[in-house]
Amino acid sequence: MMMIINTQIKFFWAKIQKNLLFLLLVLQFVACSKNETFKTESFKTKSGWGYSIAYKSKIIIKQSIIPVIIDSKSFSTEDDALKVAHLVVDKLNEHISPTVTKNDLILLKIKL
């Protein structure tokens, strides 16, 4: 009689352990899949460089000219375009307006 109870308890704990392990794996998968990030890319324009920002494989911002300035000219270097793109991504991650100001361009030392 005593042996039957012990096997039932072992069976119960084995089921609980398997279910907890399965639940832990599912939670890890969900946590990893929700970690969507913005992706930045630079591209060549006729007169310089621009950048694009994508979210979930969809381009949400495509900037071929330097924002804020009066002239419509592209970034002179790829590095400048990516600096501004990363600034915009930082603002998007902080849930603030992705607007770039002239002061931002000066702080990033963008060649105007």
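**A nonpolar core and a three-stranded sheet**

The largest nonpolar core of this predicted model has 15 residues, where such a core is a set of buried Ala, Val, Leu, Ile, Met, Phe, Trp, Tyr and Cys residues joined through side-chain atoms within 4.5 Å. Tyr-51, Ile-53, Ile-61, Phe-75, Val-84, Val-88 and Leu-105 have the most contacts inside this core. Two elements, β2 (49-55) and α2 (78-93), give two or more residues each to the core, and α2 provides the largest share, six residues. Helices (H or I, at least four residues) and strands (E, at least two) are DSSP runs, numbered from the N terminus. Buried means under 20% relative accessible area, exposed over 50%, and partly exposed in between, with a 1.4 Å probe and protein chains only.

A few words on the numbering and the model help with what follows. Residues are numbered from 1 along each chain as its sequence is written. Because the model is predicted, local features need pLDDT of at least 70 and side-chain atom pairs count only at pLDDT 80 or more, while totals for chains, interfaces and linings use all residues; side-chain values use heavy atoms, with hydrogens and water left out.

The sheet comes next. Three strands in the order β1-β2-β3 form an open sheet with antiparallel pairing, two strands being paired if DSSP finds at least two bridges between them. At the edges lie β1 (38-44) and β3 (58-63), each of which pairs on one side only. From one strand to the next, the twist averages 25°; the axes behind such angles are lines fitted to C-alpha atoms, for helices over the stretch in contact, and the angles run from 0 to 180 degrees between N-to-C directions.

Between β1 and β2, which run antiparallel, there are seven bridges. These two strands form a hairpin with four residues between them. Phe-38 has Tyr-55 in β2 as its bridge partner, and Glu-41 is placed opposite Ser-52 in β2. On the other side, five bridges join β2 and β3, again in the antiparallel sense. Their hairpin has two residues between the strands, and in it Lys-56 takes a positive phi near 55°.

Ile-61 links the sheet with the core. This residue of β3 stands opposite Ile-53, and both are among the residues with the most contacts inside the core. Leaving out residues up to four places away in sequence, Ile-61 touches Tyr-51, Ser-52, Ile-53, Val-88 and Leu-92, contact meaning heavy atoms within 4.5 Å.

The loops add a further detail, beginning with Ser-74. This residue sits in the loop between β3 and α2 and counts as buried because its relative accessible area is 9%. Its side chain makes a polar contact with the side chain of Ser-47 (3.4 Å); a polar contact is a pair of N or O atoms within 3.5 Å, and within protein one must be able to donate a hydrogen and the other to accept it, with residues adjacent in sequence counted only if both atoms are side-chain atoms. The Ser-74 side chain also reaches the backbone oxygen of Ser-64 at 2.8 Å. Beyond its neighbours within four places in sequence, Ser-74 is in contact with several residues, including Thr-45, Gly-48 and Trp-49.

Thr-45 belongs to the loop between β1 and β2 and is buried because its relative accessibility is 18%.
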